[in-house]
Amino acid sequence: MKSYIVRKYQSSDYALWNEFVANAKNATFLFHRDFMEYHSDRFEDFSLLVFDEKNKLKAILPANTDGKIVYSHQGLTYGGLVLQQNTKLQEVIGMMKMVLRFLHDQQIVSQHLKQLPSIYSEFPSEEMEQLCFLLKAQLVRRDALAVIDLSHKMDISRVRKRGIERGQKLELVIKEVSDFEEFWSKMLVPNLQERYEAKPVHSLAEITHLKSKFPENIRQFNVYFENEIIGGVTLFVTKNVLHPQYISGNKKFNTKYGGLDFLYHYIMTTVATSQRYFNFGSSSENNGLQLNTSLHYWKESFGGRTVVQNYYEIETKNYTLLDTVLL
């Protein structure tokens, strides 16, 4: 088994880290340090870099720590070991052994892994699923995502088609805007407060800052009826996937105007010029143990089908289990 060197991320690694992310097979802009660090005050970073014997960077792990546990960064939707396109499984086994050994030496008892859903990878990249089996990791959560494969003709239900037709008949107007203030102040913030007594994960200042850093990856589309905003969506755009990070509208947005159906149909047929998947996101609740059936049914009525996202807990002492894997 090859030898690898593992160490914590330092600010001097900024350019090296981001260059690796740009060329990795299973990374998105969320792993860029500019995205990871916008909320650095909320998390104690414990990201790792893995080098081979020639001091060449072979893998990175976006992570934070809380006590004696290291997490796939809790400020990100997904995580895991980020790899190059040409990385072989045998190498990943060796690298993961050294990562866990490093964590164990740092008095970390477990690593909580939040897997990257397969649709985000540019190439097949399920090495960590195999590693979790070998390491006797505990599957602690599994979320059901609803995903549309845009390379195939969408099987849209009659109900969704009627919503689209209603929006067309009312001549709803969709505009891409660079300013989030109208959507945040008139739709998103008041609706979340009224319905859930909650706030968006990103403040207006934060999403504006992130937009300035990732103008092609974060896009805002608002819907208007007679020049008044009635709803909108904030998209996170990666090479393979369009994902609505935020969606909100007034009370008549969907029931009267067909706004949500009309908006999503527009995104899928007009905005998705190179992406293969539209990811509605999770319909799971209670840590994955329950399914919001009405929500998932709505997504399926647009043509969405289930992709899962796995969450594992790995005991760091189990790195020794990898000693006998390679024949």
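**Reading the terms in a predicted model**

Biologist: Opposite Thr 65, in strand β6, stands Val 70. What makes β5 and β6 count as paired strands?

Modeller: This is a predicted model, in which local features need pLDDT of at least 70 and side-chain atom pairs count only at pLDDT 80 or more, whereas totals for chains, interfaces and linings use all residues. Residues are numbered from 1 along each chain as its sequence is written, and side-chain values use heavy atoms, with hydrogens and water left out. Strands are DSSP runs of E with at least two residues, helices are runs of H or I with at least four, and both are numbered from the N terminus. Two strands pair if DSSP finds at least two bridges between them; β5 (residues 63–66) and β6 (residues 69–72) are joined in the antiparallel sense by four bridges, so they pair by that criterion. They form a hairpin with two residues between them, and in the turn Gly 67 has a positive phi of about 70°.

Biologist: How do you know that β2 and β5 pair as well?

Modeller: Strand β2 (residues 44–45) has two antiparallel bridges to β5, and in β5 the bridge partner of Asp 45 is Asn 64.

Biologist: What makes β1 and β7 edge strands of the open sheet?

Modeller: The four strands of this sheet run in the order β1-β3-β4-β7, with antiparallel pairing. Both β1 (5–8) and β7 (82–83) pair on one side only; for β7, the partner is β4 (residues 57–61), over two bridges, with Ala 59 standing opposite Leu 83.

Biologist: Why is Ala 24 called buried?

Modeller: Ala 24 has a relative accessible area of 7%, and since buried means under 20%, exposed over 50% and partly exposed in between (1.4 Å probe, protein chains only), that value falls in the buried class. Ala 24 lies in the loop between α1 (14–23) and α2 (33–36), and, leaving aside neighbours within four places in sequence, Ala 24 is in contact (heavy atoms within 4.5 Å) with Val 82, Leu 83 and Glu 122.

Biologist: What makes a set of residues a nonpolar core, and which residues have the most contacts inside the largest one?

Modeller: A nonpolar core is a set of buried Ala, Val, Leu, Ile, Met, Phe, Trp, Tyr and Cys residues joined through side-chain atoms within 4.5 Å. The largest has 42 residues, and Phe 35, Ile 60 and Ile 218 have the most contacts inside it; helix α6 (residues 181–196) gives the most to this core, with five residues. A second, separate core of 32 residues includes Tyr 4, Ile 93, Leu 113 and Tyr 319.

Biologist: How do you know that Arg 7 and Asp 13 form a salt bridge?

Modeller: A salt bridge needs a side-chain nitrogen of Lys or Arg within 4 Å of a carboxyl oxygen of Asp or Glu, and the closest N and O atoms of Arg 7 and Asp 13 are 2.7 Å apart, so the pair meets the criterion. Arg 7 is partly exposed at 27% relative accessibility, whereas Asp 13 is buried at 5%.

Biologist: Why does the salt bridge of Glu 194 and Lys 251 tie together separate parts of the sequence?

Modeller: Their side chains meet at 3.6 Å, N to O. Glu 194 lies in helix α6 and Lys 251 in the loop between β13 (241–249) and α8 (259–271), so the pair ties together parts that are 57 residues apart in sequence. Glu 194 and Lys 251 are both exposed.
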